[in-house]
Every structure is written in structure tokens, then in C-alpha cells.
Amino acid sequence: MRRLRPYLPRAVLLSGGRPPPWSAPRAWLGAACPEKAAALAPAPVAEDWGPEPGSWPERLADLVTPLWRLDYEQQLRVKAEALSDLLERLEARLRSLGSSDAEAGALRSRLQPFRPSPVIDGYRNKCNFAIRQGPDGRPRTVGYVLGSRREQQLVCVQPGHLKHIPERHQRVARCYQVFLEQSPLEPYLEPHGCGHWHDLTVRSTGRGHTMAIIAFHPQQLPPDELRPHKQQLKEFFTQGPGADCDLSSLYFQENVQCGQQQPNYQLLAGEPHIFEDLPGLKFRISPGAFFQINSAAVEVLYGVVGELSGVDPNTLLLDLSQGTGATSLSLAQRTAQVLSTGLVGQAVEDARWTAAFNGITNWEFHADQVENIVPQLLKSQETGQSLVAMVDPSRTGLNNQVVQAIRNCRAIRTLIFVSCYPSGKAKRNFLELCCPPDPGKDLLGEPFVLRQAVPVDMFPHTVHYELVLLFTR
């Protein structure tokens with residue numbers, strides 16, 4: 001079957017705003033890589049694959065993957081410099097709070113080198129694409145929305161030039177755009193709230209599985225009028241041009257009410273789940289469940305967690321994380337018992353399936369708020385067992401109740417904190433875990449001390465990374 005070719009618009013840059021600092025490699029690398037900055041040309045030159053300088057695609061690359069012009073070694077040095085600065089600021093703040101373990105350089109001395117990602121390009125296993133008018137005027141372009149207040153316009157730029165998106169995801173996005181151009185229904189537009197076809201989510205695994213999830217607003221469309229459009233979507237991706245995507249699963253996500261609690265996923269074609277392999281384990285992934293977006297680097301991340309936690313057959317692992325429980329499941333066979341809470345929705349069933357399929361019998365899930373269940377879970381701890389707690393919150397960090405529950409539970413002496421956004425709200429969590437007792441904030445327990453910090457680069461070409469921290473007390 002004929003493959004759809006990518007289309008890259010060459011719109012002229014409309015904005016007169018200042019370019020990002022990394023658009024001038026010499027200045028951007030001056031601090032982190034001085035010996036290489038001098039070898040760079042004064043002005044950025046697009047690589048063979050790259051977008052035309054000054055174009056909308058280049059602007060998108062600068063926004064989504066701001067380190068794309070740097071080689072990978074330079075990217076890691078830039079991130080390491082930023083992380084060192086973050087720890088220095090945390091030291092200063094802890095000193096101001098009266099911490100006895102915040103001498104100058106103390107935290108930075110416990111920082112280990114970056115663990116690199118095994119895969120640099122095309123590593124994302126989940127991508128979300130929007131629909132909007134493109135720079136060329138096409139009203140149903142599928143890609144990433146870009147714009148500025150000065151221009152007073154938003155455009156959707158196709159992602160074919162972005163280094164971190166795999167080709168099979170781009171292919172699904174191109175096919176979805178072809179389908180939209182043929183559909184009599186309009187795309188959904190915010191903030192007007194009119195139209196029907198909404199975002200596209202593509203998920204994939206190392207097994208070669210690909211799942212497409214297409215969101216849809218029915219508005220006032222009755223079910224009998226909606227049914228033919230769902231059938232057309234199914235036929236397009238199973239028998240039409242979209243069959244080239246070789247989807248394992250095709251889902252239709254109907255958004256009935258803005259405030260509905262659980263997404264309404266309807267399987268149109270293929271299998272209900274996709275599966276990912278890690279050494280010794282097979283994981284099930286549902287359309288709405290969380291899984292780390294860089295499958296190749298997940299093994300590195302879980303290895304660091306196991307290394308810092310020091311779990312052994314005498315360990316009770318208390319997993320207070322969100323997601324699918326994948327991290328604690330990967331460690332379960334090395335521990336005496338895993339008690340997990342914090343999972344929601346499809347993640348719970350995925351975790352239970354993964355545990356059963358892999359013969360893991362010492363993993364238990366408890367459905368309750370962390371602050372309520374920690375005392376109950378600790379009652380099941382056998383005499384002589386060592387206790388390790390683990391948290392892996394979203395970008396918003398831990399809420400106050402969880403921090404208080406951990407801080408005030410004397411039995412928790414070792415804590416593993418995995419942060420995907422340490423420079424965000426997680427900074428407050430670090431300070432509350434390590435500051436002197438503060439009755440005003442109900443932080444009564446003995447403070448934790450940061451022992452080791454290991455960054456793992458899960459997101460090449462971006463400024464983001466995962467940081468695994470070992471706290472003890």
C-alpha cells in the first residue's frame with residue numbers, strides 16, 4: 001500500500017521576538033562546553049534533516065526540543081550544569097531554615113554523573129497531537145500548536161522534523177490529517193467549544209505495537225448519526241490509507257461531559273491493550289494508563305532505583321507512587337513484600353495483570369489515600385524487616401498530606417524520591433522533607449538527609465530529565 005509522504009510547510013517566521021538562547025550555539029555552550037563553543041559557527045546552521053532556518057518548523061523544534069542543535073554529550077553537560085545550580089539553591093534555602101546538613105557544596109557533592117539514554121532519537125512511546133490551521137492555511141493540520149500573543153494567532157505545525165518523535169507516530173498523524181480532510185465533520189476548536197474531531201494520541205512499544213486514540217466531542221450528535229463516522233474511522237485505518245500505520249489498537253475516546261471522571265474509551269479495532277517488555281517482565285498498557293515515555297531508558301531508571309534503595313529479600317517496599325506500579329513491580333522479586341497505593345483507574349488493573357502474568361505474588365495494592373493508609377500498611381510489617389518507601393509523583397509533586405505522612409512516620413527511615421521535574425514544585429517537597437521540625441506545617445518527624453542524587457536522561461533534546469534521590473534519617 002502506498003505510504004503517505006510527510007508535508008513540511010515553509011512558512012516565513014512572523015514573530016519579531018527574541019530568539020531562544022540556544023539558537024546561538026556559541027553563547028549557549030559558553031558556560032557548559034567552553035572548549036567546543038569556539039568551534040561552532042557564529043550563526044546556527046540547520047543540519048541535513050533539520051527545518052529551514054527562520055521557519056515555523058524551526059520555531060517548534062526550539063520550543064519542544066530546545067537542545068536539538070547540540071550533540072548528546074553537550075546536552076548532558078547543559079543539564080548537569082542546571083542541576084548543579086538547582087542543588088546549590090536548595091543548599092542555600094536549607095541553611096536559611098536552620099538545617100544542619102546544608103554546608104556549601106554538601107548537596108552537590110552527592111550528585112552523581114548523568115546516566116545517558118540508550119536511545120537518542122525517536123524515543124517517545126507516547127505523543128499527543130492537536131488539530132488546527134497550519135501555517136499554509138490548511139484548516140485541519142495535525143501536529144503541535146505554536147504561536148505568540150504578539151502575532152495574535154495560533155498555528156499547528158506538523159512534527160516531521162522533531163528528533164524525539166518516531167516515524168510510526170508521525171505516520172499515524174499524517175494519516176489522521178488525511179482522514180480529517182475527507183470527513184464532513186469539523187475539528188473541535190477551543191475556546192469556542194464547537195466541532196467534533198479532537199486530539200490524537202499515539203502510543204507504541206518495543207514489541208512493535210502501536211495504539212491510536214482519537215478524541216471526539218459528539219456535541220448534540222445522536223448515537224445513530226455518530227455511528228457512521230466511527231465506522232468510517234475504523235475502515236480508514238483498517239482498510240484505507242491508514243492501514244499503512246499497522247495499528248495494533250484503534251480507540252475512539254468520546255468526551256461526553258467536561259467534568260466526567262473517567263475517559264470513555266471505545267475499542268474500534270484491534271487488541272484492547274499493548275505490551276512492553278523489560279528484562280524478565282512483561283507489562284500491560286491500557287489506553288489511559290501511565291508508562292514512562294522512553295522505554296529504552298526505563299531499564300536504566302529502574303536499575304538506579306534498585307541500586308539506591310538497596311532492597312533485598314528482607315525488605316518491605318512501600319510504593320506510594322502514581323502510574324502503573326511498574327517501578328515497584330520491577331523490584332518485587334528482589335524484596336520480601338511490596339505494598340502499593342496511589343494507582344487509579346486502568347493503572348490498577350494493568351498492575352494486577354502484570355503481577356499475575358509474571359508470577360509476582362508479593363505485590364499488593366491498597367485503594368485509599370496515602371495519608372490514611374500508611375499506618376495500616378505498616379502494621380503488616382514483620383519484625384526485623386527493613387522498610388523502604390518510594391514516591392514517583394507527577395510534575396506537580398507530592399501534596400502536603402503525603403509529605404506530612406512520610407515525614408511523621410518514624411518507621412520510614414529510607415525514602416526513594418523519583419522526580420521528573422525537580423526544578424518545579426518538587427523543590428518544596430525536598431525542603432519539607434529535609435528542614436528542621438516545623439509544628440506550624442505539621443512536620444514533626446526527624447528530618448531526612450539527602451545521601452545520593454542520580455540524574456537519568458529520559459528526555460534527550462529537551463531540558464528535562466528524571467532525578468532519583470536517596471533520603472535517609
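In the predicted model, helix H4 (residues 72–96) packs against helix H12 (residues 426–434), with axes that come within 11 Å. The two axes cross at roughly 40°. This angle is not under 35 degrees, the limit for roughly parallel, and H4 and H12 are therefore oblique to each other. The crossing of H4 with H12 is right-handed. From H4, the contact draws on Leu86, Leu90, Arg93 and Leu94. Their partners in H12 are Lys427, Phe430, Leu431 and Cys434. By class, the residues of this contact comprise 6 nonpolar and 2 charged, with no polar ones.

H12 also meets helix H11 (residues 400–407). Here the axes come within 10 Å and cross at roughly 30°. Angles under 35 degrees count as roughly parallel, so H11 is described as roughly parallel to H12. This crossing, too, is right-handed. H11 contributes Asn400, Val403, Ile406 and Arg407. H12 contributes Arg428, Asn429, Glu432, Leu433 and Cys434. The contact of H11 with H12 divides into 4 nonpolar, 2 polar and 3 charged residues. Cys434 of H12 takes part in the contact with H4 and in that with H11.

H12 has a further neighbour in the sheet. The helix lies across strands S14 and S16 (466–472). Relative to S14, H12 runs at about 165°. Angles over 145 degrees count as roughly antiparallel, so H12 and S14 are roughly antiparallel, given their angle of about 165°.

The sheet itself is open and has 7 strands. Their order is S12-S11-S10-S13-S14-S16-S15, and the pairing is mixed. Strand S12 (363–365) forms one edge and strand S15 (449–456) the other; each pairs on one side only. From one strand to the next, the twist averages 20°. Within the sheet, strand S13 (residues 386–391) and strand S14 (residues 414–419) run parallel and are joined by 4 bridges. Methionine 390 stands opposite isoleucine 416 of S14.

Confidence varies along the chain. The protein averages a pLDDT of 85, and 83% of the residues score at least 70. Over residues 1–49, however, pLDDT stays under 50. The model has 84 contacts beyond four places in sequence for residues 1–49. Where pLDDT is low, the predicted coordinates should not be read in detail.

Definitions and conventions:
Residues are numbered from 1 along each chain as its sequence is written. This is a predicted model: local features need pLDDT of at least 70, side-chain atom pairs count only at pLDDT 80 or more; totals for chains, interfaces and linings use all residues. Side-chain values use heavy atoms; hydrogens and water are left out. pLDDT is the predictor's confidence in each residue, from 0 to 100. Contact means heavy atoms within 4.5 Å. Axes are lines fitted to C-alpha atoms, for helices over the stretch in contact, and angles run from 0 to 180 degrees between N-to-C directions. Helices (H or I, at least four residues) and strands (E, at least two) are DSSP runs, numbered from the N terminus. Angles under 35 degrees count as roughly parallel, over 145 as roughly antiparallel, 65 to 115 as roughly perpendicular and the rest as oblique. A crossing is left-handed if the near helix is turned anticlockwise from the far one by less than a right angle, and right-handed if clockwise. Ala, Val, Leu, Ile, Met, Phe, Trp, Tyr, Cys and Pro count as nonpolar, Asp, Glu, Lys and Arg as charged, and the others, Gly among them, as polar. Two strands pair if DSSP finds at least two bridges between them.
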